Amino acid sequence: MRICLILLFCLFYHIPQIKGNFEQSHLKNTLDSISVVTIKGLVRTKEKTIFREINFEPGRKLFISDSLIERWELRISSLSLFNEVECKQVHDTLFISVVEEFYYWFYPSGGFADRNFYNWAKTKQLSRLYFGGDFAFFNLFGLNHTLMLTLVGGYNQVYGLSYELPSSKYSNGWGGKFKSSYSQSHEIWLSTENNRIKLFDLEPDYAQRITNVDLSAFRKINYQNSLELGYSLNYHEISKQASFVNPTFFVFGNKQLAQTGYLNLTHDTRNQRHYPTKGNEMKFNFSLTNQGYEKFNWVEAVSFRWRNFLNIDNHHHVATLFYLQYKFGDLTYLNSRQLGYNQDYVRGFESYVVDGRGSLMAKIAFRKALFLGKVDLKKIGITENYNKMPLSIWLSLYSDLGKIIEPNAFYTGGNNVLNYQMLRCVGFGIDMLAYYDILTRFDVSKNNIGGWVFNISFRHAI
């Protein structure tokens with residue numbers, strides 16, 4: 001395993017640098033250059049925040065081409081700091097025009113303990129509601145620092161604090177993040193039965209309490225490649241009644257202290273972070289966890305994610321994904337959760353979960369642009385910062401498949417037949433991206449167990 005990690009690190013470090021040097025040399029011989037960058041529209045954001053994205057240093061010439069200008073425009077828009085970005089070259093000057101977003105937001109969150117309004121309406125108990133949200137402070141000091149404060153109260157309670165610093169340079173720069181949270185709830189995802197989550201409820205007491213602290217530092221090897229090292233500490237306690245129902249939820253008993261060290265290697269050439277149309281992204285993750293309370297065991301996890309975006313022309317592209325994860329050691333129920341629990345799932349199986357030692361998943365989508373442009377919102381009286389909305393709408397035709405590796409590595413029981421089957425779907429959907437980073441997906445999927453599923457999501461599928 002150590003040899004594999006060393007080889008992967010060498011691959012990420014050396015090969016892209018050779019490619020980058022070749023491209024730099026080629027640009028010097030064939031492309032025009034700029035000596036001045038003029039930015040219009042900055043109020044809070046510092047110039048160096050934008051200079052970092054295009055690798056510009058005052059007093060030094062920057063070689064340029066039409067494709068580079070397009071790439072820089074997409075990079076700057078991916079910062080989630082601006083509602084509008086335009087780049088234009090005039091002789092040896094690059095003019096950049098931006099419209100800043102609001103940098104202080106409240107993102108509400110909440111819901112019904114009964115998981116939907118229909119079930120909650122049967123009792124109408126106000127005590128079974130939870131509500132609150134995230135107080136977000138973006139672009140602190142004009143340097144793209146982010147502070148997030150989470151407060152949720154009611155039936156479920158969550159308190160959290162996080163702070164993130166971006167990489168300090170275009171390449172060879174350091175960044176980092178800190179995140180802490182405490183939550184308590186009356187329900188637990190205790191086990192799996194008939195391919196679905198089985199909940200354990202405990203009222204009026206709390207069924208589980210979780211405290212988590214996560215620290216990480218990341219470094220850009222160059223613009224396309226980065227390395228992240230992190231450490232997390234997690235204390236998780238569930239009720240004794242729940243531990244009797246599923247004695248393998250933890251290593252032993254009803255408490256668990258888990259310490260995890262992790263390594264992430266990322267290679268990223270995508271032209272846009274939130275909805276790319278060309279380039280690719282490769283992520284390799286290795287983690288080592290020591291977990292338990294009275295008894296301890298080690299769990300090692302390895303995962304690989306590759307996403308590729310093949311641009312046919314401005315209105316057509318093909319997106320593909322391949323994902324593989326595998327875990328070593330003695331697994332508990334928490335370790336065996338694979339597809340369907342968070343953001344990794346096969347479309348058409350949104351309401352199901354599958355467990356095992358590992359999983360693999362592949363996706364492909366053909367996308368056709370229905371609209372690419374900006375929408376004028378002045379007539380509805382929206383504030384000046386948001387009166388022009390960059391908007392792209394895509395028709396997506398897709399197919400997904402997924403499979404569990406070693407489903408019997410952890411016995412969940414409960415007639416979970418999907419653990420042993422290949423999950424497949426075909427479907428179509430509409431993807432909408434507004435203001436560069438607000439994504440909404442409307443999917444209609446046909447899965448291989450005979451069901452049609454309609455789903456609305458606010459995250460990318462590939």
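The legends below accompany an overall view and several close-up views of a predicted model of the protein.

**Figure 1. Overall view of the predicted model, with its 6 helices and 25 strands.** The C-alpha atoms occupy a box of roughly 75 × 60 × 45 Å when the principal axes are used as the frame. The radius of gyration is 24 Å, which agrees with the value near 23 Å that a compact globule of 462 residues would have. Of these 462 residues, 47% count as buried, and among the contacts between residues at least 6 apart in sequence, 59% join residues at least 24 apart. The accessible surface comes to about 23800 Å², and carbon and sulfur atoms account for 59% of that area. The protein carries 50 positive and 40 negative side chains, and the centres of the two sets lie 1 Å apart.

**Figure 2. Helix α2 and the elements that cover its buried residues.** Helix α2 spans residues 47-54 and is mostly covered, with 6 of its 8 residues buried. The buried residues are T49, I50, F51, R52, E53 and I54, a set in which the charged side chains of R52 and E53 appear beside those of I50, F51 and I54. The cover over these buried residues includes strands β2 (36-40), β3 (62-64), β4 (82-90) and β5 (93-100), together with helix α3. Helix α2 is followed by N55, whose phi is positive, near 60°. Most residues other than glycine have a negative phi.

**Figure 3. Helix α3, one of the elements covering α2.** Helix α3 runs over residues 66-77, and its 12 residues reach 17 Å from the first C-alpha to the last, close to the 16 Å expected at 1.5 Å a residue. Within α3, the residues that are buried are L68, I69, W72, R75, I76 and S77. An α-helix has 3.6 residues a turn, so residues three or four places apart point the same way. With that in mind, the reader may follow L68, W72 and I76 along the helix, and likewise I69 and W72, each of these residues being buried.

**Figure 4. Two asparagines with positive phi, N139 and N144.** N139 is found in strand β7, which covers residues 129-140, and its phi is near 55°, a positive value in a residue other than glycine. With a relative accessible area of 0%, N139 is buried. N144 has a phi near 70°, again a positive value in a residue other than glycine, and its place is in the loop between β7 and β8 (145-154). N144 is buried as well, its relative accessible area being 15%.

**Figure 5. Surroundings of Y107 in strand β6 and of T150 in strand β8.** Y107 lies in the strand that spans residues 104-112 and counts as partly exposed, at 37% relative accessibility. Setting aside residues up to four places away in sequence, Y107 touches G132, G133, D134, A136 and F138. T150 is buried, with a relative accessible area of 16%, and, under the same exclusion of sequence neighbours, T150 touches G133, D134, V158, Y159 and G160. G133 and D134 are therefore touched by both Y107 and T150, as each has them among its contacts, contact meaning heavy atoms within 4.5 Å. The C-alpha atoms of T150 and Q325, 175 residues apart along the chain, are separated by 30 Å, whereas those of Y107 and N419, 312 residues apart in sequence, are 36 Å apart in space.

**Figure 6. K220 and its contacts in the region of strand β13.** K220 lies in strand β13, which covers residues 208-220. At 17% relative accessibility, K220 counts as buried, because the cut-off for that class is under 20%. Beyond residues up to four places away in sequence, K220 touches S167, K169, Y170, S171, N172, G173, N225 and S226. K220 and E84 are 136 residues apart in sequence, and their C-alpha atoms are 27 Å apart in space.

**Figure 7. R459 in the segment after β25.** Strand β25 covers residues 452-457, and R459 is found in the segment that comes after this strand. R459 counts as exposed, at 51% relative accessibility. Leaving aside neighbours within four places in sequence, R459 is in contact with Q343, L439 and R441. For L439, which is 20 residues from R459 in sequence, the C-alpha to C-alpha distance is 6.3 Å.

Note on methods. Residues numbered from 1 in each chain as written. Predicted model: local features only at pLDDT ≥ 70, side-chain atom pairs only at ≥ 80, totals over all residues. Heavy atoms only, no water. Helix = DSSP H or I, 4+ residues; strand = E, 2+ residues; numbered from the N terminus. Rg over C-alpha atoms; globule rule 2.2 N^0.38 Å. Buried < 20%, exposed > 50% of the residue type's maximum accessible area, 1.4 Å probe, protein only. Areas by Shrake-Rupley, 256 points an atom, 1.4 Å probe, with all protein chains shown as cover. Lys, Arg positive; Asp, Glu negative; His and termini not counted. Charge placed at Lys NZ, Arg CZ, Asp CG, Glu CD. Expected span 1.5 Å × (residues − 1).
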